[in-house]
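Subject: A structure for you to look at

Hello,

I am handing over the structure we talked about, and my notes follow it. Please open it next to this email and read along.

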Amino acid sequence: MFEEERKRSIVQFVERHTRASVQELSQDLGVSESTVRRDLKELEEARLLKRTHGGAVSLQSVNFEAAFPDKADRFLEEKQRIARKAVEMIQEGDAILLDGGTTTLQIARALKTFSNLKVITNSMIALNELKDCRNIEVSITGGMLRPDTLAFVGPMTERSLEMVRVDKAFLGTNGLDMHEGITTPNMLEAATKRKMIAVAKQAILLADHSKIGQVSFCKVADLQEIDHCILDTGAPEGFIRGLEGLDLDYTLV
């Protein structure tokens, strides 16, 4: 089987079954698992599927959400650049919100040099990063903990957020599309993000290029509801032109 034929078969298998493991694909195609992993990497770069720990899922599966460990190291360099730019927007004395994402985790790791900061988060991971910082006042929202994302969501989380007003909210996303806006696979997560936008003077969206063009199950907000986007330089030119057409502030890093 030629390489292109093999890759086409992988995409068809994944779309037919919604998801597939490396082992399944190896057995189905009669090739080594290392060959399958290499093909999956190239197919993901071509935006024909999404890799997971041990396999892949179809991009058509709008309900899919990878677990936090599966996402943490993907596009790590881009997430770190985005986080550094986000930290430049924070001033001493600010009150900020960090949602439960892998890019906002990179922000949390970079906050330890601040001497006067209030941080509110729904992320157990961000809380763990900041818990020993004496000069940062850290608050956790509470609520229902989602095991996959290690973030609190739900009515208790939203009620907690209603009690505060912050200077800046930093939000991640699963999907970012010019027409469908900001989306996530989980309804409670979407509601929590909407509440974060509502209580912030400035809502700042963080997204690496893999999120652009993706649409998940639940809508969070239209792009026009965001004050600023921080993207990496892999963002498609057409999407950037769309942001300019909306007169939406953005930064490429």
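Of the 253 residues in the protein, 51% are buried. Please keep in mind that this is a predicted model, so everything below describes a prediction.

**The whole chain**

The protein has ten helices and 15 strands. Its radius of gyration is 19 Å, close to the 18 Å that the globule rule gives for 253 residues, so the protein is as compact as a globular protein of that length. Along the principal axes, the C-alpha atoms fill a box of roughly 60 × 40 × 35 Å.

How much of the contact network joins residues at least 24 apart? If you take the contacts between residues at least 6 apart in sequence, 60% of them do.

On the outside, the accessible surface comes to about 12,200 Å², and carbon and sulfur atoms account for 47% of that. As for charge, there are 33 positive and 39 negative charges, and their mean positions are 3 Å apart.

**Strand β12 and its partners**

A good place to start looking is β12, which spans residues 200-207. This strand is mostly covered, with six of its eight residues buried. Strand β9 (residues 166-171) pairs with β12 in the parallel sense, over five bridges. To find this pairing on screen, look for V166, which stands opposite A200 of β12.

β12 is also joined to strand β14 (residues 228-231); these two run parallel and share four bridges. Here the residue to look for is L205, whose bridge partner in β14 is C229.

Just along the chain, the loop between β12 and β13 (218-221) holds Q214. Is Q214 buried or exposed? Its relative accessible area is 14%, and the cut-off for buried is under 20%, so Q214 counts as buried. Leaving aside residues up to four places away in sequence, Q214 touches L59, N174, G175, L176, D177 and T183.

**Two residues in helices**

L130 belongs to helix α7, residues 124-130. With a relative accessible area of 0%, L130 is buried. Beyond its sequence neighbours up to four places away, L130 touches A108, L111, V119, I136 and V138. For a sense of distance, try K7: L130 and K7 are 123 residues apart in sequence, and their C-alpha atoms are 44 Å apart in space.

K85 sits in helix α5, residues 76-88. This lysine is partly exposed, at 25% relative accessibility. Which residues does K85 touch, not counting those up to four places away in sequence? They are I230, T251 and V253. I230 lies within the residue range of β14, so you can link this contact to the strands above. From K85 to V166 the C-alpha separation is 19 Å, with their positions 81 residues apart along the chain.

**A few loop residues**

S115 is found in the loop between α6 (102-110) and β5 (117-121). At 46% relative accessibility, S115 is partly exposed. Apart from residues up to four places away in sequence, S115 touches E92 and N135. The C-alpha atoms of S115 and G93 are 8.4 Å apart, although the two residues are 22 apart along the chain.

Two more loop residues are worth a look for their backbone angles. Most residues other than glycine have a negative phi. L150 has a positive value, near 55 degrees. This leucine lies in the loop between β7 (144-146) and β8 (151-153), and at 28% relative accessibility L150 is partly exposed.

D247 also has a positive phi, near 60 degrees. Its place is in the loop between α10 (237-245) and β15 (249-252). Is D247 buried or exposed? It is exposed, with a relative accessible area of 68%.

**Where to begin**

If you have only a few minutes, I would start with β12 and its parallel partners β9 and β14. After that, try the buried L130 in α7, and then the exposed D247 in its loop.

Happy looking, and best wishes

Methods
Residues numbered from 1 in each chain as written. Predicted model: local features only at pLDDT ≥ 70, side-chain atom pairs only at ≥ 80, totals over all residues. Heavy atoms only, no water. Rg over C-alpha atoms; globule rule 2.2 N^0.38 Å. Buried < 20%, exposed > 50% of the residue type's maximum accessible area, 1.4 Å probe, protein only. Contact = heavy atoms within 4.5 Å. Areas by Shrake-Rupley, 256 points an atom, 1.4 Å probe, with all protein chains shown as cover. Lys, Arg positive; Asp, Glu negative; His and termini not counted. Charge placed at Lys NZ, Arg CZ, Asp CG, Glu CD. Pairing = 2+ DSSP bridges.
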